[in-house]
Amino acid sequence: MGLLQLFLVACMFDAFSVQGFGVDPDLRVSVLEEIKPGDGFDGVNQVQGFHRESRAFHFQGSSREVKAPAGVSQQIVRKLRGKNEFSVLVTLKQERLNSGVILSIHQSENRYLELESSGQRSEVRLHYRTKGRQAHTEVFPYSLADDQWHKVSVAVSASHVILHVDCNRIYERVVEAPNTDIPDDASFWLGQRNSAHGFFKGVMQDVDILVMPQGYIAQCPDLNRTCPTCNDFHGLVQKIMELQDVLAKTSSKLSKAEEKMNGLDGCYCERTCSVKGVLYREDEAWTDGCRNCTCINGTVQCEAISCPPSQCPAGTLAAYVKGACCKECQPVCLFGGRELVEGDQKAVRDSSGRCLLFECKDRTMRRVVPGEACPELSCPESEQISLSDRCCNVCRGHDFCSEGHDCTEHSDCVNLEAGRCCVCKEGFRPLRDDNAYCQDIDECAEGKHYCRENTMCVNTPGSFMCICHTGYIRIDDYSCTEHDECLSGLHDCDQNALCFNMVGGHSCSCKPGYSGNGTVCKAVCDGLCHNGGTCLSPNNCACSQGFTGKRCETDIDECADGFMECDSKSTCVNLPGWYHCECRDGYHDNGFFSANGESCVDINECKTGRNTCANDTVCFNLDGGYDCRCPHGHNCTGDCVHDDKVKHSGQIWVLDSDRCSVCSCQAGRVMCRRMVCDCDNPNADLFCCPECDPHLSSRCLHQNGALTLGSGDTWVENCQQCQCLQGQVDCWPLPCPPTDCEFTAVGEGECCPRCVGDPCQADAVRNDITKTCADEHGVSRFSGSSWVKRGTECTLCQCKNGHTCCSVDPMCL
């Protein structure tokens, strides 16, 4: 069957399973049902939803912590872990202009999956970590914060992302594939990023995560499933390559095994068993206490003797006989209304108080004449104990076991106040109800051991041992690891962290005076380093590129400082931490991007229709603009045409699409500018002029938790530009200049990519699936695929647009 037929069969099956039988519960995480936000979470109330089939919840205020319990978070994380295809579905009604997080899965600063809707910038953002463990944000320009109900779906298939809103496909993009190797201790938040930021305000219903291809069909069943998915194609090709490798290795192992088998054809070796110095041959059987044992293939196998039920005739009683495992019928004596068996003794006192001792012999109680007088006791009379089977008293704490007992080698004799008993040793269980005979408990077979990863449980008499697998070293009595990464230095702990070796790896913990997750430790500076600056030591900040100052509080204006010279048709635009040459009004890039703006050419507004001249004027193109001229002999109005509406000359209006921009018509040309803020005006629009907002409730808490910022303040944090607007922090990816090249890389400490010539040094590659690489087997690998080089365990190769790039992974050495 060819690849095409395989895809068609898989697609038909998947579509039938989704549409015919609904979604398998094992593939769905119903977030609202798992977290139950209406039960004990402040700031969340149950309300009427978009429909009545499920509950809806209203999220409001900024004093709430809707965080999933640890067990629920682990359940969600484990369903997502390692999956290349999943979808996030939600039905919501978000308040106007609200910027908030719909759901977030993160560990410390690592966001593994976060869906955010920004009403301030009319964007939907998907935050995740790439396969290369880089933070990535995919931005979709779309406004959900309009106080209207929307069905939202974000579907991920390998490196393919599709955004649906109200069952309409809005965006479809190829991105860097997300990394879903999410740690168990990652936290899951609903309606917020954490306890201080990203508060979603509005109503949510039907929040689901589906670990399946194109899960949006569950939300919009009428949408046809496209077949195959991107992940289907890559996954099947990868599996074929893996099967080829497995087949080659298996064939080699079978060949070696046949050679060894041929060499053993003429051999015969009898295996024996040695028990307590006695040698037993194969299949030889013997009795060991209460066990029947057999030597089988050099191993002793024992089974407990099963005693038949005792059916003794009248005048006899079942009792244990020395050296026998099962009870035997013994003749009894009647004495004082009690039945005694052969050998039992009983002491009584006559009317004068004299002690008489009797023993059961031949069904008759016979008097025993004492051979000697009772020994003198060293304890006071109050500490003396009289016994029922002897005439002589003993001191409290007497050692009855020293007088002899029937306890075998795996049973210990224990003294009681008036006698003794047998107790099985630790790790053994009784074979008789008197504990005289005991057998070993096989903790390995019964699962009563504590052996952990990379070990093999081996039973020992009374206990067990955890033996390390070949190639592993011991950490403690119960666990082993491949190697001690901490001792060998093959760990990813920060230089300011302590390394602790653990089963299957290691853990990192920052040293005192530093904070972080152990792999990244930052000196504690009480949040005084701004704009992504790194605290090297107390009161010592290392600034990110483009910022300066003691606390990195000042953005370097590369344009004003003359660091950048732009062509006359372009203007230098300063950005937080960066700059670039942008074509002036009236010019556009000719498609051959040039960093200094030389690629900017004039726009012919008259030919392209990008002018506002009214019908009574004639458009004349100018270099970098145009002019609306009145024909000779005509009396022109000077009016403008804007958004298909006539604006009179001198008229001023506010843009419908941007309430903060003011436009005017001047001699046929529309001129627009940003509204000038006058904070002394009590009627100032606080949306356009957030810096004029005096309310304390409009201030924001910085991500580091140590700074408060006023409404309108902007800053840079982790390569994102952030702004405080009416008490809410909204962050978006830092704008970077375009790069017109195939291979780019982001330098250490930088946020924006730069062009590089060597494809193997590139972080980002525009993967073209038509370009392939040949591996060491001669098998074609698609661009973007990775594999471990044959004959090695630590050489990882990747195909980057037809270039094979291999490197040694230090973590596996």
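In the predicted model, Gly462 adopts a positive phi near 80° within the hairpin of β31 and β32, where two residues separate the strands. The two strands of this hairpin, β31 (residues 455-460) and β32 (residues 463-468), are paired in the antiparallel sense over six bridges. One of the residue pairs across the hairpin consists of two cysteines, as Cys457 has Cys466 in β32 as its bridge partner.

Positive phi values also occur at residues other than glycine. In general, most residues other than glycine have a negative phi. Gln726 departs from this pattern, with a positive phi near 50°. The residue is placed in the loop that connects β57 (720-725) with β58 (728-733), and its relative accessibility of 39% means that Gln726 counts as partly exposed. Asn801 likewise has a positive phi, near 50°, without being a glycine. The position of Asn801 is in the loop between β65 and β66. With a relative accessibility of 5%, Asn801 is classed as buried.

The strands that flank Asn801 belong to an open sheet of three strands, arranged in the order β64-β65-β66 with antiparallel pairing. Because β64 (786-788) and β66 (803-808) are the edge strands and each has a single partner, one side of each is left without a neighbour in the sheet. On average, neighbouring strands of this sheet are turned by 25° against each other, direction ignored. Between β64 and β65 (residues 795-800), the antiparallel pairing extends over three bridges, and Trp787 is positioned opposite Cys797 in β65.

A further open sheet of three strands has the order β22-β23-β24, again with antiparallel pairing. Its edges are formed by β22 and β24; each of these has a single partner strand, so one side of each lacks a neighbour in the sheet. The average turn between neighbouring strands of this sheet is 35°, direction ignored. The pairing of β23 with β24 is antiparallel and comprises five bridges. Within this pairing, Lys361 has Thr364 in β24 as its bridge partner.

The second largest pocket encloses about 1400 Å³ of space. Its lining consists of 48 residues, and those closest to the centre of the pocket are Gly343, Asp344, Gln345, Asp389 and Arg420. Two or more lining residues are contributed by each of β21 (338-341), β22 (345-349), β23 (355-361), β24 (364-368) and β28 (420-424). The three strands of the sheet β22-β23-β24 are thus among the elements that supply this lining. By class, the lining of the second largest pocket comprises 25 nonpolar, eight polar and 15 charged residues.

Enclosed spaces were also examined. A search of the whole structure identifies two cavities of 30 Å³ or more. The volume of the largest cavity is about 90 Å³. Twelve residues line this cavity, and Gln545, Gly577, Leu734, Glu750 and Cys751 are the ones nearest its centre. Seven residues of the lining of the largest cavity are nonpolar, four are polar and one is charged. The second largest cavity has a volume of about 40 Å³. This second cavity is lined by Leu80, Phe86, Tyr112, Leu113, Tyr128, Pro178, Asn179, Thr180 and Ile182. The lining of the second largest cavity contains seven nonpolar and two polar residues, and no charged residues.

Two individual residues illustrate buried positions in the model. Cys552 is located in the loop between β41 (547-548) and β42 (554-555), and its relative accessibility of 0% places Cys552 in the buried class. Beyond residues up to four places away in sequence, Cys552 touches His530, Asn531, Gly533, Cys541, Ala542, Cys543 and Phe547. For one of these contacts, that with Asn531, the C-alpha atoms of the two residues are 6.4 Å apart in space, while 21 residues separate them in sequence.

His642 is part of strand β49 (residues 640-642). Its relative accessibility is 14%, and His642 therefore counts as buried, the limit for this class being under 20%. When neighbours within four places in sequence are left aside, the contacts of His642 are with Lys647, Trp653, Leu655 and Val670.

Technical notes
Residues are numbered from 1 along each chain as its sequence is written. This is a predicted model: local features need pLDDT of at least 70, side-chain atom pairs count only at pLDDT 80 or more; totals for chains, interfaces and linings use all residues. Side-chain values use heavy atoms; hydrogens and water are left out. On a 1 Å grid over the protein atoms alone, a cavity is a set of points where a 1.4 Å probe fits but cannot get out, and a pocket is an open set with protein on both sides within 12 Å along at least five of seven lines; lining residues have an atom within 4 Å of a point. Grid points are joined across faces, edges and corners, and a volume is the space filled by probe spheres set on the points. Ala, Val, Leu, Ile, Met, Phe, Trp, Tyr, Cys and Pro count as nonpolar, Asp, Glu, Lys and Arg as charged, and the others, Gly among them, as polar. Two strands pair if DSSP finds at least two bridges between them. Helices (H or I, at least four residues) and strands (E, at least two) are DSSP runs, numbered from the N terminus. Axes are lines fitted to C-alpha atoms, for helices over the stretch in contact, and angles run from 0 to 180 degrees between N-to-C directions. Buried means under 20% relative accessible area, exposed over 50%, partly exposed in between (1.4 Å probe, protein chains only). Contact means heavy atoms within 4.5 Å.
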